[in-house]
Amino acid sequence: MNYFFLNWKMYLDRDQSIVLANHVASKDTLPDNTVIFCNDLALSEVKDIIGPERVGTQNVAWVPAGAYTGATSAHMYKQAGATHALVGHSERRHIFNETNIAIRKKMEACVDTALTPVLCIGEKKEQRDDGKWKEVLSEQLILALEDLDMKGQIFYVAYEPVWAIGTGVSCTSDMLQEVVDYIKQVLGTINQNAIILYGGSVSSTNIKDFDNIAGVDGVLIGSAGAKVESLDSMLEVLQ
Ligand code: PEP
């Protein structure tokens, strides 16, 4: 497993984040490319515990500074020690009504600040059932990335089907292979190249399956990565 990304969402407060970060840091079987997307208020401490290049933000403003109450810019996250940013997570899209246009601007803000973006894309259950997943994914990819000069920076695309997030129902290997091939095809048409991750109900029982899919370089894990027992079980399976 090349990339082991943990999205702690708003599961853990600052003190709990520090405790779990210390536990993560104590593991000698941690994949090299581990990144923790923790709560903003814990970011600086988690970075000091887990080390540089291993902490990310779960969201980012699209403007660098100014009269934007409640927002935090890419530059500010960088200053606090983040190197990565989730952009367009489905909870941001569907609970906070983030549009593809806003997500594009956030991608631009990340590139301008050299914060490595993890663009999250994924279709809802009804879109999959209606056979519309290709349409949804290509729109999300194209609006976020077409003609965007990445300035040589690497970036990630995390395929996280909405129906798999937090449901215990993950994508099957066949389904995921088809989606990843399609994502690569769309990225090719807009001359972009990304590291591809899978996210959605990853746990110790299925994490190995995602390791064996051509074109999938790693995982983005939510709830199973925010608890000691499930985190340890996944690391054991990966050994
Ligand atoms: C996520 O929200 O990024 C995620 C993958 O969640 P979970 O692993 O809990 O499905």
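Reader: How much space lies in the second largest pocket?

Author: About 200 Å³ of space lies in this pocket, a volume being the space filled by probe spheres set on grid points joined across faces, edges and corners. The model is predicted, so local features need pLDDT of at least 70 and side-chain atom pairs pLDDT 80 or more, while totals for chains, interfaces and linings use all residues. Residues are numbered from 1 along each chain as its sequence is written, and side-chain values use heavy atoms, without hydrogens and water.

Reader: What makes it a pocket?

Author: On a 1 Å grid over the protein atoms alone, a pocket is an open set of points with protein on both sides within 12 Å along at least five of seven lines, and lining residues have an atom within 4 Å of a point. The second largest pocket has 17 lining residues, and Gly166, Ser201, Val202, Gly222 and Ser223 are the closest to its centre.

Reader: Why is the ligand said to sit in the second largest pocket?

Author: A molecule sits in a pocket if more than half of its atoms lie within 2 Å of the grid points; the ligand therefore meets this criterion for the second largest pocket.

Reader: Why is the pair between Gly166 and the ligand called a polar contact?

Author: A polar contact is a pair of N or O atoms within 3.5 Å. A backbone N or O atom of Gly166 lies 2.7 Å from a ligand oxygen atom, and therefore the pair qualifies. For the side chain of Asn7, the distance from an N or O atom to a ligand oxygen is 3.4 Å.

Terms used
A polar contact is a pair of N or O atoms within 3.5 Å; within protein, one must be able to donate a hydrogen and the other to accept it, and residues adjacent in sequence count only if both atoms are side-chain atoms. On a 1 Å grid over the protein atoms alone, a cavity is a set of points where a 1.4 Å probe fits but cannot get out, and a pocket is an open set with protein on both sides within 12 Å along at least five of seven lines; lining residues have an atom within 4 Å of a point.
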